[in-house]
Every structure is written in structure tokens, then in C-alpha cells.
Amino acid sequence: MHSQLLRDHGLVNLIGGSDYNFRLATTAEASFKQDINRLLTQAEVEPKELYTAKQIHSTNIAYCDGKNGASFIDGRHFEDTDGLITDQAGVALLIKFADCTPIVLFDPIKRVQASVHSGWRGTANNISQIAIEKMIQTFGSKKEDILAYVGPSIDQQNYEVGPEVHAAFSKHFDRELYFEQVGEKYLLDLSLANYQGLINIGLPVHNIEVATASTYTSNQLHSARKEGENYGLNAIVTAIF
């Protein structure tokens with residue numbers, strides 16, 4: 001599973017799903033490293049450095065220069081980070097997800113990529129828009145050049161949330177487009193919410209690819225809601241070459 005739009009413009013990308021497990025809480029370090037190397041092999045990538053992060057549903061985004069970050073099981077790592085960004089060729093970024101949305105941004109002109117983990121908290125707090133602003137301010141990207149891939153996440157019919165989640169989107173003028181109220185609960189279309197965020201910040205419609213697969217209904221992907229306490233994690237790896 002991958003974004004053809006990003007591949008066509010020069011960004012290597014591949015999702016490792018239910019045949020892998022990138023959650024250290026439910027897999028051994030040796031298996032974690034093996035799965036990373038297996039995913040890199042399948043993606044036909046031999047990076048000069050690989051970055052991962054301890055994701056906490058924040059809007060923290062770290063720049064990856066190929067030397068910074070802490071040494072980790074495989075590659076380099078940032079604590080308390082939900083977005084990775086780099087302009088370095090050969091540096092691979094790996095973002096983990098279960099039912100949350102992975103979003104990949106790529107500017108093929110300035111050769112800059114960002115990969116973010118956008119659950120409901122990250123979406124409510126505009127993590128993808130923050131990443132786009134970093135691309136513009138730090139690397140000189142233009143919105144009309146930035147491509148986006150909204151990766152697979154849980155589908156709306158299987159993503160019931162409480163009123164506190166609906167309230168967290170109170171500053172989003174278009175929130176009723178992606179919330180459906182059912183009694184005292186809501187069904188959230190996380191994919192649509194992320195898509196709307198990209199449109200609202202000014203990305204052209206034709207620059208955005210949205211995955212159709214649901215983590216909950218697809219047997220090719222892990223889902224926390226479906227699998228329960230011992231759920232596994234998917235991951236998307238990306239790299240500029």
C-alpha cells in the first residue's frame with residue numbers, strides 16, 4: 001500500500017501493515033528491528049539514516065538532518081514527537097499508526113518531505129498545517145507545490161467518540177462536515193477532517209491523494225479499535241532519493 005501521487009513525483013513511500021508490528025509494547029526489539037529492515041527492503045530503500053519517534057498525540061515536529069536525534073534500536077529517534085521533516089536526500093522517515101491518520105507532505109521542487117501522525121488530537125490542533133508552515137518558512141516551499149497523502153485511518157462508521165472530542169474541534173468552522181451525532185456520541189470521519197484541513201490551508205485539490213482503505217475493516221492493516229489492548233502498529237516509511 002502506497003501513494004502513487006508521491007511516487008510519481010519522486011518520493012519513495014510504502015506502508016507496512018498487518019504483516020508487520022511496529023509497536024514495541026507488543027513486540028520484541030529484535031522483531032521491531034527486523035520488521036523495519038523488512039519494510040525498507042520491500043520499499044527498495046537503503047537510507048543513510050532512518051528516523052522514528054515516540055508519538056504522544058502532540059503537534060511537535062522535529063527536523064531530521066541525518067545526525068541529530070538519539071541513537072535507537074534501528075536508526076535515530078526523537079522523544080515526544082508526532083512529526084518528522086527533512087530536506088536531506090537518503091534520510092528515511094518512519095511514522096507509526098493504528099487508527100490515526102498518517103499524512104505525508106512532499107515538495108518536489110524544494111525537495112522537502114514531512115510525515116506526521118494525526119489522530120483526533122493532532123487533527124484538532126492542525127498538525128499537518130503546522131508542518132506545511134514549517135516547509136514554507138524554513139525551506140521556501142509554496143503551497144501550490146506541496147503534495148499530500150492522507151493515509152489510511154479508521155472509517156467514520158467505526159469511530160465513535162465522545163462530546164469532548166467534538167468540543168476539541170470547536171475552532172474548526174467546518175467541523176459538522178466530518179462529525180455525525182448519534183445520541184450523546186459522535187461518529188468522526190478522521191480522513192475527511194484531515195483532508196479539509198489541507199484544503200483550508202490552501203493546498204490545491206489535485207495535489208492531495210486520500211487513501212480509501214479503513215484500518216478497521218481492512219485485513220491488511222492493524223486497528224486499535226478492532227484488535228483491543230494488544231493491538232499492533234502499522235507504519236509508513238518515506239525517503240527522498
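Q: Which residue in E13 is the bridge partner of Val 161?
A: This is a predicted model, in which local features need pLDDT of at least 70, side-chain atom pairs count only at pLDDT 80 or more, and totals for chains, interfaces and linings use all residues. Residues are numbered from 1 along each chain as its sequence is written, and side-chain values use heavy atoms, without hydrogens and water. E11 and E13 (residues 185–188) pair in the antiparallel sense over two bridges, where strands are DSSP runs (E, at least two residues) and helices likewise (H or I, at least four), numbered from the N terminus. The partner of Val 161 in E13 is Tyr 186.

Q: Why is one side of E11 and of E12 left without a neighbour in the sheet?
A: Pairing requires at least two DSSP bridges between two strands. The open sheet has the order E11-E13-E12. E11 (160–161) and E12 (179–182) each have one side free because each stands at an edge with a single partner strand.

Q: Which strand gives the largest share of the largest nonpolar core?
A: A nonpolar core is a set of buried (under 20% relative accessible area, 1.4 Å probe, protein chains only) Ala, Val, Leu, Ile, Met, Phe, Trp, Tyr and Cys residues joined through side-chain atoms within 4.5 Å. The largest has 22 residues, and Ile 236 is among those with the most contacts inside it. Elements giving two or more residues include H1 (4–8), E2 (49–53) and E7 (91–97). The largest share, four residues, comes from E7.

How values were computed. Buried means under 20% relative accessible area, exposed over 50%, partly exposed in between (1.4 Å probe, protein chains only).
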